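Thanks for coming. I have one structure to go through today, and I will keep to its local features. Please look at the sequence and the model first.

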Amino acid sequence: MEVISALRASPELFAGVALVTGLIIGSFLNVVIYRLPKMMEQEWHVQCAELRGEALSDVPRISLMSPRSACPACGHAILPWHNIPLFGWFILRGRCATCKARIPARYPLVEVLTGSLSAFLAWRFGFGAAGLGALLFAWSLIALAFIDFDTQLLPDSITLPLLWCGLLCNLFGTFADLESAVIGAIVGYLILWIVYWLFRLATGKDGMGFGDFKLLAAIGAWLGWKLLPAVILFSAGIGATVGIGLILLARHGRANPIPFGPYLALGGLVALIWGDALSGVYFPRA
């Protein structure tokens with residue numbers, strides 16, 4: 001109880017604890033970002049084999065806990081002290097301890113991003129339901145953004161629990177009243193669903209994936225329907241700017257899909273932090 005009281009009384013202390021916790025969570029998110037798509041792919045193969053009447057019981061199953069983390073180049077198991085968030089990468093100087101293959105700099109970047117954002121949200125919202133909820137929301141969005149960037153997938157195993165957690169959190173009016181959260185989830189899904197079908201009818205092509213619908217529904221469940229216009233406008237604006245820039249720089253073909261999830265996640269974080277100011281622009285208080 002004394003620890004809880006200290007965290008409530010000192011935003012700086014809570015931010016420091018959140019920083020360390022965020023670095024650890026960031027290390028775990030690297031595992032989620034790398035392994036979850038592989039787990040999904042393996043599950044699809046198993047399901048297809050079952051439909052064909054084949055057995056794949058001898059195939060080792062991948063999970064977030066097993067097998068033990070190893071170097072993708074040489075297969076050497078990563079030692080525990082090499083897995084220390086942020087410092088492990090610098091200890092190894094960005095290379096495998098055995099084969100000296102490069103370890104992508106994105107691993108420590110995810111840890112730094114998660115840690116710094118966690119510290120900021122802890123300071124911004126303080127210790128309590130809002131602070132803890134904001135951390136869970138941010139961690140989920142970071143994982144989804146990087147998975148979508150890598151694979152154009154937004155796993156239901158993250159988006160759907162995120163949606164229900166948002167409704168549960170707002171059962172007590174943490175970020176929005178429950179009615180606004182329910183409407184936000186419904187409208188968030190339907191807006192992109194309608195855009196998807198209009199684009200499909202007009203062009204005969206898929207403009208986005210169903211995972212984007214679920215992600216915006218989850219953001220609406222957390223923040224309420226009033227912040228959805230800001231999330232959509234910000235996400236679409238940044239996404240269009242980046243996409244046009246990549247095309248003009250000849251780094252991305254027009255036929256290649258551009259994941260929308262990272263921009264939705266960024267829009268959700270912006271709305272979480274500056275939601276009151278954003279909603280006041282188009283819903284001014286009397």
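Start with helix α2, residues 11–51, which has a kink of about 35° at arginine 35. The kink lies shortly before a proline, proline 37. Keep in mind that this is a predicted model.

On the same helix, find threonine 21, which also sits in α2. Threonine 21 counts as partly exposed, at 33% relative accessibility. Its C-alpha is 12 Å from that of leucine 132, and 111 residues separate the two in sequence.

What follows α2? Glycine 53 does, and its phi is positive, near 80°.

Now the loop between α2 and α3. Arginine 68 is in that loop, and at 52% relative accessibility arginine 68 is classed as exposed. From arginine 68 to isoleucine 78 is 10 residues in sequence, and 7.8 Å from C-alpha to C-alpha.

Leucine 86 belongs to the loop between α2 and α3 as well. Leucine 86 is not a glycine, yet its phi is positive, about 65°. Is leucine 86 buried or exposed? Its relative accessible area is 18%, so leucine 86 is buried, the cut-off being under 20%.

A positive phi of about 65° is also found at lysine 100, again not a glycine. Lysine 100 is placed in the loop between α3, residues 87–91, and α4, residues 106–125. Which residues form a positive surface patch? Lysine 100 does, together with Arg93, Arg95 and Arg102. So for lysine 100 there are two things to note: the positive phi and the membership of the patch.

Next, the salt bridges. How many does a search of the whole structure find? The search gives 2.

One of them pairs arginine 106 with aspartate 150, and their closest N and O atoms are 2.6 Å apart. Why does this pair tie together separate parts of the chain? Because arginine 106 is in helix α4 and aspartate 150 is in helix α5, residues 129–151, the pair joins parts that are 44 residues apart in sequence. As for exposure, arginine 106 has a relative accessible area of 29% and is partly exposed. Aspartate 150 is partly exposed too, at 37% relative accessibility.

Then there is the salt bridge between aspartate 156 and lysine 214, with 2.8 Å between the closest N and O atoms. This pair links distant parts of the chain, 58 residues apart: aspartate 156 is in helix α6, residues 156–169, and lysine 214 is in helix α8, residues 210–223. Aspartate 156 counts as partly exposed, at 35% relative accessibility.

As background for both pairs, side chains of opposite charge can pair when their charged atoms come close.

The last stop is helix α10, residues 261–282, where glycine 275 is found. Where does glycine 275 stand on accessibility, buried or exposed? At 6% relative accessibility, glycine 275 counts as buried. Between the C-alpha atoms of glycine 275 and alanine 221 the distance is 14 Å, with their positions 54 residues apart in sequence.

To recap, please keep three places in view. There is the kink at arginine 35 in α2. There is lysine 100, in the loop between α3 and α4. And there are the salt bridges, including arginine 106 with aspartate 150. That is what I have; I will take questions.

Technical notes
Residues numbered from 1 in each chain as written. Predicted model: local features only at pLDDT ≥ 70, side-chain atom pairs only at ≥ 80, totals over all residues. Heavy atoms only, no water. Patch = residues over 30% accessible without salt bridge, like charges linked within 9 Å, V, L, I, M, F, W, Y side chains within 5 Å. Areas by Shrake-Rupley, 256 points an atom, 1.4 Å probe, with all protein chains shown as cover. Salt bridge = Lys/Arg side-chain N within 4 Å of Asp/Glu carboxyl O. Lys, Arg positive; Asp, Glu negative; His and termini not counted. Charge placed at Lys NZ, Arg CZ, Asp CG, Glu CD. Helix = DSSP H or I, 4+ residues; strand = E, 2+ residues; numbered from the N terminus. Bend = angle between axes of the 7 residues up to and from the residue. Buried < 20%, exposed > 50% of the residue type's maximum accessible area, 1.4 Å probe, protein only.
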